Number of protein chains: 2
Amino acid sequence: MTISRKAEYALRAVVILAAAAPDRPMQIHDLAESGKIPAKFLEQILLTLKRGGLLRSKRGVGGGYHLEKPARQITVGDIVALIDGGLCHLAAHGQDSGTAEFPGARGLRDSLTEIDELVNEKLASLTIEEILNRDEPDAMLAFGI
Amino acid sequence: MTISRKAEYALRAVVILAAAAPDRPMQIHDLAESGKIPAKFLEQILLTLKRGGLLRSKRGVGGGYHLEKPARQITVGDIVALIDGGLCHLAAHGQDSGTAEFPGARGLRDSLTEIDELVNEKLASLTIEEILNRDEPDAMLAFGI
DNA sequence: GTCTTTCCCGACCGAAATAGTCGGGAATAT
DNA sequence: ATATTCCCGACTATTTCGGTCGGGAAAGAC
């Protein structure tokens with residue numbers, strides 16, 4: 001029913017990276033500290049995000065992670081899909097769930113699917129950039145925009 | 001991330017009961033068969049729904065379950081809340097999750113909470129009656145309404 | 001009464017998912 | 001060389017999920 005803790009850690013990490021200087025990579029250690037995320041666990045997560053094409057990494061001294069693409073092109077949906085494997089499903093417990101046929105069965109399936117789609121659309125349209133802008137509503141004003 | 005199977009069983013059961021004759025109670029056994037739900041598991045579920053005030057039961061010969069109130073006054077949200085204990089939460093992993101403070105933390109929380117609320121509103125406004133009507137879109141026409 | 005039907009209800013249980021940890025290896029820079 | 005940093009598979013502990021089991025208690029039927 002909930003987004004996994006792992007996915008939430010992933011979101012935190014990406015948000016932090018998006019807020020940081022885009023040229024300087026940030027190390028797992030620092031990221032873990034800022035986000036209060038177990039470092040070794042975060043390692044796994046970042047790797048997944050990297051494999052998913054959201055992050056880029058660099059090894060050795062001065063290495064670390066940074067975003068692969070601009071924050072406006074990364075959505076919460078992307079991240080959750082990578083980490084939790086697929087998006088939210090209220091309906092669809094797969095194979096047999098559709099098998100049961102009783103009066104109202106179709107209506108039930110359809111109704112849940114509809115809500116499903118709503119959530120997934122929302123997650124897919126919510127970008128990291130929006131989240132950041134939301135955090136400091138007057139940030140843009142401060143920059144005279 | 002998903003609605004639990006238990007909650008889906010509960011939904012099926014209530015939908016079936018709503019579609020059945022409102023005066024004659026229906027037994028666990030029959031309900032289990034119609035909904036393809038493990039009988040003993042269903043027993044647990046129905047009991048919870050009863051304690052939650054959604055169903056009423058009668059023991060002995062000719063006993064069974066029926067709705068406590070009309071289908072239009074029972075929502076999917078009611079059922080999910082009773083069975084899964086609380087509604088959907090994308091955000092809010094409770095105690096410590098709010099503790100982490102980094103740039104974007106608030107925006108992240110707020111964004112997730114907003115989607116949360118959207119889903120919960122949807123679930124809370126979707127009634128069993130609507131589900132049933134949806135199943136047979138022309139049922140009302142058939143009755144000359 | 002007593003017998004049958006039906007719900008009531010707590011305890012238990014195996015499998016899977018969750019939430020990590022561990023220990024080393026491979027690049028990269030100094 | 002050697003320190004730093006990511007890479008990566010294997011392992012583990014805990015919790016949740018999805019049930020099962022076995023008896024008890026009420027309400028009629030006879």
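I began with the protein surface around DNA strand D: 28 residues surround the strand, and Glu43(A), Lys50(A), Ser57(A), Tyr65(A) and Lys40(B) come nearest. A residue counts as near if one of its heavy atoms lies within 4 Å of the strand. The model is predicted, so I note that local features need pLDDT of at least 70 and side-chain atom pairs pLDDT 80 or more, whereas totals for chains, interfaces and linings use all residues. Residues are numbered from 1 along each chain as written, chains are lettered from A and ligands numbered from 1 in written order, and side-chain values use heavy atoms, without hydrogens and water.

I then looked up which elements supply this surface. At least two residues each come from α3 (39-51), β1 (55-58) and β2 (64-67) of chain A and from α1 (5-19) and α3 (39-51) of chain B. α3(A) gives the most, with 6 residues. Helices (H or I, at least four residues) and strands (E, at least two) are DSSP runs numbered from the N terminus.

Next I checked polar contacts (pairs of N or O atoms within 3.5 Å). A side-chain N or O atom of Glu43(A) is 2.4 Å from a base nitrogen of DNA strand D. Ser57(A) places a polar side-chain atom 2.5 Å from a phosphate oxygen of the strand, and Gln44(B) places one 2.7 Å from a base oxygen.

Finally I turned to α3(A) and its neighbour. Ile28(A), Leu31(A) and Ala32(A) of α2(A) meet Ala39(A), Leu42(A), Glu43(A) and Leu46(A) of α3(A), contact meaning heavy atoms within 4.5 Å. Glu43(A) thus recurs here, having already appeared among the residues nearest the DNA.

Notes:
Polar contact = N/O pair within 3.5 Å; in protein donor to acceptor, adjacent residues only side chain to side chain.
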